[in-house]
There are 2 protein chains.
Amino acid sequence: MRFQVYDTTLRDGAQREGLTYSVVDKLAVARLLDEFGVGFIEGGWPGAVPKDTEFFQRARKELDLRHAVLVAFGATRRAGLAVTEDPQVRALLDAETPAVALVAKADLRHVERALRTTAGENLAMIHDTVAHLVAEGRRVFVDGEHFFDGYRHDPAYGAAVVETALAAGAEVMVLCDTNGGMLPSQVATAIADLTERLGVAPERLGIHCQNDTACAVANTIAAVEAGVRHVQGTANGYGERPGNADIFAVVANLQLKLGLPVLPDGCLEQMVRVSHAIAEIANIAPDTHQAYVGAAAFAHKAGLHASAIKVDPLLYNHVDPSVVGNDMRILVTEMAGRASVELKSRELGLDLAGHPDTLSRVTRRVKEMEAGGWSFEAADASFELLVRSELPEGAPARPFALESYRVLVEHREDGAVVSEATVKIRVRGERVIATAEGNGPVNALDEALRVGLARHYPELLGFELADYKVRILEGSHGTGAVTRVLVETAGGGRDWTTVGVHPNVVEASWHALVDALTYGLSRAKV
Amino acid sequence: MRFQVYDTTLRDGAQREGLTYSVVDKLAVARLLDEFGVGFIEGGWPGAVPKDTEFFQRARKELDLRHAVLVAFGATRRAGLAVTEDPQVRALLDAETPAVALVAKADLRHVERALRTTAGENLAMIHDTVAHLVAEGRRVFVDGEHFFDGYRHDPAYGAAVVETALAAGAEVMVLCDTNGGMLPSQVATAIADLTERLGVAPERLGIHCQNDTACAVANTIAAVEAGVRHVQGTANGYGERPGNADIFAVVANLQLKLGLPVLPDGCLEQMVRVSHAIAEIANIAPDTHQAYVGAAAFAHKAGLHASAIKVDPLLYNHVDPSVVGNDMRILVTEMAGRASVELKSRELGLDLAGHPDTLSRVTRRVKEMEAGGWSFEAADASFELLVRSELPEGAPARPFALESYRVLVEHREDGAVVSEATVKIRVRGERVIATAEGNGPVNALDEALRVGLARHYPELLGFELADYKVRILEGSHGTGAVTRVLVETAGGGRDWTTVGVHPNVVEASWHALVDALTYGLSRAKV
């Protein structure tokens, strides 16, 4: 069996406190995970979560995955109901994914106290649901919830769950440390005991760990060392409570420490980019100190050994940072290095390998801007405009020049809240003044700008503001902090993201809006 | 030998990028660590770092440690210099601590390339320095830098370093994974091999791990399982690159998972308080998702199983949160039902068990509001105001009535961006009009409101807007979407979070600001 890297960022990872993805976000995250080369993407729970049902519908049309198989997640049939009658199982089939993951109770105490059914009925539920889905042509994975706690309490029952799932046709039985309380040695011992008890090959087992003992990554590695060949994790370890096993650290450890080539060639070096882009989409500040991918993961306080590091960096780094797309930093500088700028430009179809001076200038500008709070991880369109501005042919021209704008928000005596914006701009030599209302200050500004430009640029009518995200940086200053805005615009069957940064949220939004229109109009001409 | 919990927050932990302690900070951290019950506090490098020299001077007079022994850190004598002539060794003695830790190179490549001396001279440096300090009455620990990488490269030399240090009188030889590249199985194998090769008892060894593979805690535990009885770590895992082993997770795992009573009685439940207090002093936002001590470490999205959790919380928690001073939290989310509203209210000190009608009304209102985009997951203060408004005594009165407000943002012709807000309110019968500027529309509005209220509510001067978060919901509508704002306010040694939702970001912020002031003033009166 090939090694299976199974990502559950979009399902279990979405349990993280405060995290919400839109359907568009989920599609974007799935594309990034596919670029990272995972084998499986668990997309959500169709039928139970309306947004997830919509995700699978749109994924069929819009997602063109190169590496990953899409997986719908659900539960075994309800107690006392025929599997063919269970609407939740029906919804799983309707998702039309090649593979399905089923959560099954593997701890008898949960069967009796939470599910309120019997040991036997739970096994029947597992058998019936797996067999039904296999008969319908699905690859089936079974997640044994609370497996490790249950196995400690009643190993015979835990083993019966595993045996039932595999006998019914499950491809892999995934052992879950749902409460996250295990240590690596305990995981290894339970797997050895289970495989001996059942005579089952550990290759038929998977591992899913939570980080409640701060050992989720190590527990996952311990399971692989015990023979398991299916690992589950989430991007950046997002998940409920302290989170899930961080799939980036898991994969990096498997490839670089155990020598298991679990990703397709060329994927490992996407790690930093994919990690940071998902953080942006999730609207969570990237963890500077995250293993492998953090901005400080290979940052050395320049001190006694600076020259020794320069002569022989591998004496001071546990791996070469570039293999995961990261950079070693000696001084306190910002994240972007030449390697990541070059990689990202290449991705956008701009090959800077032959333009070392341009590469240096872009890298320097990115560093300067990042020091001021800009981030291009998720703002490809703004990044492309920046790179092109340093190339001989230059960036596309701005469609207008700004004279001034003014935005007013009023909460009136009658309780009505109104927003109104006026822009004064020059378009192709003409001075234009335009005013519009909106349901918020940024919406009003966007509308006013479109009104002002519409006569000269009718293509704008095809653009739609698809998403708008705000992040306050340096939170300890409250509303006085710097604001970073990401704007996603859709038009002509594509979408693109731009970024703006300013202490004032309206001005930051303005920058992102102008980049969005400039980029969109330059594409519309191509 | 008694188990040794050895903290290096103030020395190795201070290597974290961006972290700086004053001497007063260091004294405060040392007191907290002592309250937590660690056996050893490594305070810094006297002689090399002036601030650390001062720390040890003041510590002698000002620190009255109940549990911990203070340790001064330094290096073995310089190559080619008699130990009695080495000013750095002299400074170690001058620190007048009962114990000293010496860093020694344990990887021959570092001896030759970084230290630029010979294998033999390095061993002589270790021997001379240990023997000298022991003769001066010090307990001596030796940190074998790069031990694990070095042992893989040249086990005979690594073993010679260990043997030399112990023979010269070191109490414990600490094996350091300085580059942080190890996995638990590799740590265990190296220790087993070393103890067999030397015939040394593993109780004479210590462990010091960095988190570059996200396995620092697990590696530390693996070493203890291999017989080691001295563990090093830092508060919250602070340290260079991805940091050190988090001493809180290490200690909790040792006590609660391996049953080793490594702390004095009554200390384990100080963990959350000490962790958060040290984060405060370090000026680093506490990691909500940190194992054991994070605010979300025992937070459950109350869905299907809220009633099961109420019956048997330990089925869903890997340990009882109260043993480390934490609490289980139920997140009031989309799927909130009566059970989770009741649990959450009880957490806030409002017992709804005897008020079934109130419970129903609150549950219904929460559901309605959540359908409109509100979220009380992270907004305990707004949730409390909501619950209290349904109780017989009612919610605390709003400190004012709004007539109207107006916010203006202008990007002027000269490029300046200005924000100005005016509020018209009634405060205790008086009509007040107040205007203020700010660096953004919300900041201006907050300022204007405070100006308007200041005369009647001087307590407001003690409140500070600590954090401000914006999330756009239903992203497919762009800036036309609903906006959710979270405001964190600090005052009187507490902080509280409030929420506001509206299509207009300014109005959403207004709701959250008003809730924040109302809640804060009601608490200030208590």
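Start with chain B and select β1 to β8: these eight strands close into a barrel in the order β1-β2-β3-β4-β5-β6-β7-β8, with parallel pairing; strands here are DSSP runs of E with at least two residues, helices are runs of H or I with at least four, both numbered from the N terminus, and two strands pair if DSSP finds at least two bridges between them. From one strand to the next the twist averages 25 degrees, where angles run from 0 to 180 degrees between N-to-C directions and axes are lines fitted to C-alpha atoms, for helices over the stretch in contact.

This is a predicted model, in which local features need pLDDT of at least 70 and side-chain atom pairs count only at pLDDT 80 or more, while totals for chains, interfaces and linings use all residues. For your selections, residues are numbered from 1 along each chain as its sequence is written, and chains are lettered from A and ligands numbered from 1 in the order in which they are written.

**Within the barrel of chain B**

Now pick strand β6 (residues 172-177) and strand β7 (residues 205-209) of chain B, which run parallel and are joined by five bridges. On this pair, find Val174(B), whose bridge partner in β7(B) is Gly206(B). Add α1(B), which packs on the sheet and touches β1 (4-7) and β2 (40-44) of chain B, its direction making about 170 degrees with that of β2(B); contact between two residues means that their C-beta atoms, placed from the backbone, lie within 7 Å.

**Helix pairs of chain B**

Two packed helices are described by the angle between their axes and the distance between the axes. Keep helix α1 (residues 23-36) of chain B selected and add helix α11 (residues 271-282) of chain B: their axes come within 10 Å and cross at roughly 170 degrees. The two helices are therefore roughly antiparallel to each other, given that angles over 145 degrees count as roughly antiparallel, under 35 as roughly parallel, 65 to 115 as roughly perpendicular and the rest as oblique. Residues to display on α1(B) include Ala28(B), Leu32(B) and Phe36(B), and on α11(B) they include Val274(B) and Ile278(B). By class, this contact of α1(B) with α11(B) has nine nonpolar, no polar and two charged residues, where Ala, Val, Leu, Ile, Met, Phe, Trp, Tyr, Cys and Pro count as nonpolar, Asp, Glu, Lys and Arg as charged, and the others, Gly among them, as polar.

Next, select helix α9 (residues 216-225) and helix α10 (residues 247-257) of chain B, whose axes come within 9 Å and cross at roughly 40 degrees. These two helices, α9(B) and α10(B), are therefore oblique to each other. Among the residues that make the contact are Ile221(B) and Val224(B) of α9(B), together with Val250(B) and Leu254(B) of α10(B). Six nonpolar, two polar and no charged residues make up the contact of α9(B) with α10(B).

**The domains of chain A**

Move to chain A, where the domain assignment, which is automatic or from a database, gives domain 1 (4-282) and domain 2 (298-333). The centres of these two domains of chain A, taken over C-alpha atoms, are separated by 36 Å. Eight residues from domain 1 of chain A and six residues from domain 2 of chain A take part in their contact. On the domain 1 side, α10 (247-256) and α11 (271-282) of chain A each supply at least two residues, and α11(A) gives the most, with three residues.

**The sheet at β12 to β14 of chain A**

Which strands form the open sheet of chain A, and in what order? Select three strands, in the order β12-β13-β14, and note that the pairing is antiparallel. At the edges stand β12 (464-473) and β14 (494-502) of chain A, each with a single partner strand, so one side of each is left without a neighbour in the sheet. Nine bridges pair strand β13 (residues 482-491) of chain A with β14(A) in the antiparallel sense, and in β14(A) the bridge partner of Val485(A) is Gly500(A).

**Where the chains meet**

Finally, show both chains, in which 92 residues of chain A are in contact with 91 residues of chain B. Strand β9 (residues 401-411) of chain A supplies the largest share of the chain A side, nine residues. Select β9(A) with strand β11 (residues 401-411) of chain B to see two antiparallel strands joined by seven bridges. Here Glu410(A) has Arg406(B) as its bridge partner in β11(B).
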